[in-house]
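Me: I should like to go through this structure and ask what justifies the terms applied to it. Please begin with the rule for polar contacts.

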Amino acid sequence: MNTTMLREQHDKLLDLAGKIAAELSENELSKDAFHVRHQLSNLYGILSNHLWTEDTVLYPQLLEYPDEEVQLMVRQFIDEMGGIGAAVNEYQSQWTTAMEIQKDPATFIAQTESLFSTLSNRIYRENKEIYPILAELELELYHDRYPPPRES
């Protein structure tokens with residue numbers, strides 16, 4: 001699996017999270033939370049697709065890779081970071097409208113900052129720990145399919 005798309009999604013997620021975080025003012029959100037809620041919808045769309053790809057394609061493939069060290073690392077990663085989907089769903093179900101945000105901006109801000117911290121940590125770790133393994137595996141597969149020409 002090529003990591004280019006996944007890395008681009010990471011960049012988009014971090015960019016959106018940064019834009020939302022810049023608007024986390026209790027005073028402002030108590031008056032109007034529509035723009036932040038709209039940006040959250042965009043973030044959910046990208047994140048849902050990203051998590052689905054990782055959970056149904058990426059990690060199952062890595063768990064079947066013949067190198068036991070890779071399998072162990074992926075299992076540990078899933079155990080440590082696998083709950084983010086549930087956390088996102090819980091967060092999303094609590095903040096479904098701008099009005100809900102406006103009613104309790106302090107709680108919204110605290111939960112948003114916590115979620116973004118978790119998300120940022122996962123992205124950092126995937127970029128640093130998981131995706132380099134994929135790049136290595138991709139290179140191995142490429143060389144298996146297209147071996148270098150023999151010298152004459």
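Reply: A polar contact is a pair of N or O atoms within 3.5 Å; within protein, one must be able to donate a hydrogen and the other to accept it, and residues adjacent in sequence count only if both atoms are side-chain atoms. The model is predicted: local features need pLDDT of at least 70, side-chain atom pairs count only at pLDDT 80 or more, and totals for chains, interfaces and linings use all residues. Residues are numbered from 1 along each chain as its sequence is written, and side-chain values use heavy atoms, without hydrogens and water.

Me: What makes the pairing of the side chains of Arg122 and Glu54 a polar contact?

Reply: The two side chains lie 2.6 Å apart in a polar contact, for which the limit is 3.5 Å.

Me: Why is Arg122 called buried or exposed?

Reply: Buried means under 20% relative accessible area, exposed over 50%, and partly exposed in between (1.4 Å probe, protein chains only). Arg122 has 4% relative accessibility and therefore counts as buried. Arg122 is placed in helix α7 and touches, among others, Leu51, Asp55, Tyr59 and Phe77 (heavy atoms within 4.5 Å).

Me: Why are α3 and α4 given the term they have for their crossing?

Reply: Angles under 35 degrees count as roughly parallel, over 145 as roughly antiparallel, 65 to 115 as roughly perpendicular and the rest as oblique. The axes of α3 (residues 34-63) and α4 (residues 68-81) cross at roughly 140° and come within 8 Å. The two helices are therefore oblique to each other.

Terms used
Axes fitted to C-alpha atoms, helices over the stretch in contact; angles between N-to-C directions. Helix = DSSP H or I, 4+ residues; strand = E, 2+ residues; numbered from the N terminus. Lists of a residue's contacts leave out its neighbours within four places in sequence.
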